[in-house]
Amino acid sequence: MNGKLLISKFRVMRNMMLKRPILAIFDVTKLCNQRCPMCNIWKTKSEDMSLENIERKAKELKKFGIGYVFLQGGDPLVRKDIIDIVDVFLKNGIRPTIITNGILLNPKTAEEIAKRECNLAISIDSLIPERYALLRGTDTLRRVQRNIAAIDDLKGKHKGNWSITTTVTKMTELKDVQAIRKYAYRHGFMYAIRPYITVSGTAGKKDEKLVYDYRDVLNIFEYMLRKARKENLFAALIYEEHINYIMGKDMPECDAMNYSFLMKETGEIAPCIEFPDKKIDLKKFGKEKKKYKKMLHQCNCTTPCFYNDAREIGYLWRKKWKILFHFPDLVRQMRRYGNFF
């Protein structure tokens, strides 16, 4: 590990200890080729940063102590320079995760991602074409499946963690989740589920056809919890908290401004995806955190969410002693199932 990378890792650990963000959620573009009824993030116009400006922002994030970035949208593969964007963050010691619907994932792009320490997450909410079309707004399941089949030769060769993810809604059935999980493993991907979320409507759009009572989906989360306890302790801890969330139990403190924040397509920084219009100056972060503390606390109490950037880092950090206690099990799981960090 070179000196620059060591400094970067030190900054990340320092931020963790001080409850400062280590993860940036970067809306690379607002443009998207799907129209999911659960999403309000996509737009028909997008003021995307140039690669030069992204490089400037990446240097700022590195200096601040950011160690991870989610490249999302819209769909990040809409950008022709997505691999160059990945390289910008890697050069600055920041590990990227591309979150995509997979429509534009061709073998050339996949091969370039596989060469790099870059995670890849593909969203597939059903393997039933008609249901997929309803949930994603486009009848493109077969195309996504062809794209995944076309990169089968990369199975086990990618440096990053590749996964398929499903958003669980009222339409979701256990047998569909089981089928997607088998499909993911067959093609060399890990598999995870997430709860459908709607708060203010800023990021997650409320659709009555998708809104569930916890009893509608509890069996799905319990199934994934049982599997995760054998395969992935980190995921098991998260699924335990998912179950608390869908059952309406009190949520712990939100990660927004503690361990994560949003970087918009323009480069502006905001507390989270639910408050994109609240601006943050990283040079005055301590004051900004105090300014938004009450707002974020009220949001967490009245309309708690379970976006990845809102819960997972802080929750796992609070469970660090349990994780350390089970460290030998984690090592065995990683040897058998792969790197899920």
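**Exercise 1. Find the ring beneath the charged end of arginine 35.**

Solution. The charged end of arginine 35 sits over the ring of tryptophan 42, 3.9 Å from its centre. Keep in mind as you look that this is a predicted model. Now try another arginine: arginine 20 lies over the face of phenylalanine 64, and here the distance from the ring centre is 4.3 Å. Phenylalanine 64 also belongs to an aromatic cluster, together with Phe261 and Phe285.

**Exercise 2. Describe the pair formed by tryptophan 162 and phenylalanine 189.**

Solution. Start with the total: there are five aromatic pairs. In the pair of tryptophan 162 and phenylalanine 189, the centres are 5.8 Å apart and the planes meet at 35°, which makes it tilted. Next, place the two residues along the chain. Tryptophan 162 is in strand β5 (residues 162–168), while phenylalanine 189 is in the loop between α7 (174–186) and β6 (190–195), so the pair links distant parts of the chain, 27 residues apart. Finally, check burial: both tryptophan 162 and phenylalanine 189 are buried.

**Exercise 3. Classify the pair of tyrosine 245 and phenylalanine 306, and decide whether each residue is buried or exposed.**

Solution. The ring centres of tyrosine 245 and phenylalanine 306 are 5.8 Å apart. Their planes stand at 65°, and an angle over 60 counts as edge-to-face, so that is the class of this pair. Tyrosine 245 belongs to helix α9 (residues 233–246), and phenylalanine 306 to the loop between α10 (285–302) and α11 (308–318), 61 residues apart. For burial, the cut-off is under 20% relative accessible area. Tyrosine 245 has 14%, so it is buried. Phenylalanine 306 has 1%, so phenylalanine 306 is buried too.

How values were computed
Residues are numbered from 1 along each chain as its sequence is written. This is a predicted model: local features need pLDDT of at least 70, side-chain atom pairs count only at pLDDT 80 or more; totals for chains, interfaces and linings use all residues. Side-chain values use heavy atoms; hydrogens and water are left out. Rings of Phe, Tyr and Trp (its six-membered ring) pair if their centres lie within 6.5 Å; planes under 30 degrees apart count as stacked, over 60 as edge-to-face and the rest as tilted. Helices (H or I, at least four residues) and strands (E, at least two) are DSSP runs, numbered from the N terminus. Buried means under 20% relative accessible area, exposed over 50%, partly exposed in between (1.4 Å probe, protein chains only). A charge sits over a ring if NZ of Lys or CZ of Arg is within 6 Å of the ring centre and within 35 degrees of the ring normal.
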